[in-house]
Amino acid sequence: MSSLDRSREAVRAGADGVLDILHPLITLGRGVGRLALMARSWWDRTPKDRRGPALFVSAVCVIVVGLMPYGPALALVGVVGAAAWYGRGHGAADAQAGPDEEETARLEAVYEALVPYFAVPDDPHPDPLYTHNGEWARVFEEFEFTDEGRIARLLLRYPAHFRDGEPEERLRVEQLLSAKSGRGREYHFCWDEERNRLEMSVLGPLPSGIHAQRFVTGPGEVLLGFTDPEAVPLTVPVADDEGTRDVPPVIWRTGARSTESHLLAVGVPGSGTSTLLRSVVLQALEHGDVLVVDGSGAGEYACLMGRSGVLAVESSLVGALASLEWAVHETERRLMSASRARQVGRAVPYDLRRPLWIVLDRPAVLSHLAAAEGRRDPQDLLQVPLRHGRAARVTVAVAEQFECMEGLGHAVRAYTRARVVLGPASREETRAVLGEPPRSAPAYDTPPGRGLVRLGTGPVLRLQVPATPDPYDETSGETERAAVQALLPERASTGRA
């Protein structure tokens, strides 16, 4: 053996000895770093309105531990033990081990499936990123798997020539990744056009099992449902079968200062659009009056008839036209009375400040009946409340099905800036309603009340509507029906308006 080889062996043996001696310190350092990352992740997930109390409780705990006998020493031992636990068994050897055989097969299958989408014929590049029998490790920069061996997160590179600015091209790749990663889950896609990176992650389940109740909202605020914790900066307390918990809400703000003062909900039969409108009506009755027009005639709102604050519940064409004509005159009266009050420097009367809600379910059916009988289209009567409702404190909420979207009038499409899509819907259908494609791929089987929401020009959020069934529907759960029954106002002594 030459002197150079002996020197290399000596250096390697010395380095191994040093690593053996410093291994406990390396393990502790790695554990401390992971504990710091866990603390940072917890801080990022904590809503802003709860960070102050969390810091206060943490400071109190530190003070109590410091005042206890042997408290600092015990705390130091606990931190060292936790660092040793989290720093063990995840060293360089494990990092070099990489995925196991089954996980490697999954990554290779995803890579080969992506080749037709990211590769180009006769690519002049001497070593393209995507080619058949290529190296998947070059493009998959980060990946995570669940305990069942399914892909939970994937960060990949794609070539610069890919047309990532075209929604159709993105959709093809997202559909492929969703299919290869497993159906039955919802995926979030984040495209980084500047760095040519695509990150796919599995979304957690939305809050479920929450029935209708008095939510913590202010005047002019309506809780449409619940969304992901990282999507909104606040939470509200809700009660369910297991007790009370804090969940992230989607709050729709109405009134004179709202930029999206009217709502449009679209879905397929059984997706929960009527449930959403019932939830909105129950919350609106707390501070205002409601006029309900049920175009389907299925009796979904029969529980509201004769209740205090409910001006009318109409399901016939004649009744709907009469009620909407009254709504037009009421909107004009509110505008003129408010204008006269401001001209003489007086406050707006109370009856003008009390919100008026106009709720329409399936208006396209009524429009079809009106055309068949030669009557006026009920949607034409919505133009005044939709156009001037913000100043007159009149809010319109409309629900329709996808197959009847063409029957919606121009005024409904133009002035309903709060949009909801419930149930299974294609990317094109969602974009047509919300104005922007979602960044997540829906699950194969979408439960009732699950969908997407967009308020104005805000982001597209996932939505789970609280369970608000018809209390007269015996096929619904007894707990949910009892919750709706408890929220209904008392019977009014007088008739409708």
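Which residues line the largest cavity? In this predicted model, the lining is made up of Gln213, Arg214, Phe215, Thr217, Leu282, Gln283, Glu286 and Leu487. By class, these lining residues divide into three nonpolar, three polar and two charged. The space enclosed in the largest cavity amounts to about 60 Å³, and the count of cavities of 30 Å³ or more comes to one.

One of the lining residues, Leu487, also belongs to the buried set of helix α14, which spans residues 478-487 and whose buried residues are Arg481, Ala483, Val484 and Leu487. When the helix is viewed down its axis, the buried residues of α14 fall within an arc of 160°, and they therefore line one face of the helix. An α-helix has 3.6 residues a turn, so residues three or four places apart point the same way. On the face of α14 that is turned away from the buried side, the exposed residues Glu478 and Ala486 are found. The partner against which the buried residues of α14 pack is α7, residues 273-284.

Helix α7 also figures in the nonpolar interior, where it gives the most to the largest nonpolar core, with six residues. That core holds 36 residues, of which Leu224, Leu304 and Val420 touch the most other members. For Val420, when residues up to four places away in sequence are not counted, the residues touched are Leu224, Leu263, Leu264, Ala265, Val266, Leu276, Val433, Leu434, Leu452, Val453 and Leu463. Apart from the largest core lies another, of 35 residues, which includes Val293, Leu311, Val328 and Ala411. In soluble globular proteins, nonpolar side chains tend to be buried together.

A further site that can be described in detail is Arg393, which is placed in the loop between α11, residues 383-392, and β13, residues 394-401. Arg393 has a relative accessibility of 34% and therefore counts as partly exposed, given that this class lies between the limit of under 20% for buried and that of over 50% for exposed. With its neighbours within four places in sequence left aside, Arg393 is in contact with Arg334, Leu352, Arg353, Arg354, Pro355 and Leu356. Arg393 and Arg172 are 221 residues apart along the chain, and a distance of 44 Å separates their C-alpha atoms.

Terms used:
Residues are numbered from 1 along each chain as its sequence is written. This is a predicted model: local features need pLDDT of at least 70, side-chain atom pairs count only at pLDDT 80 or more; totals for chains, interfaces and linings use all residues. Side-chain values use heavy atoms; hydrogens and water are left out. Buried means under 20% relative accessible area, exposed over 50%, partly exposed in between (1.4 Å probe, protein chains only). Helices (H or I, at least four residues) and strands (E, at least two) are DSSP runs, numbered from the N terminus. The arc is that of the directions from the helix axis to the C-beta atoms. Contact means heavy atoms within 4.5 Å. On a 1 Å grid over the protein atoms alone, a cavity is a set of points where a 1.4 Å probe fits but cannot get out, and a pocket is an open set with protein on both sides within 12 Å along at least five of seven lines; lining residues have an atom within 4 Å of a point. Grid points are joined across faces, edges and corners, and a volume is the space filled by probe spheres set on the points. Ala, Val, Leu, Ile, Met, Phe, Trp, Tyr, Cys and Pro count as nonpolar, Asp, Glu, Lys and Arg as charged, and the others, Gly among them, as polar. A nonpolar core is a set of buried Ala, Val, Leu, Ile, Met, Phe, Trp, Tyr and Cys residues joined through side-chain atoms within 4.5 Å.
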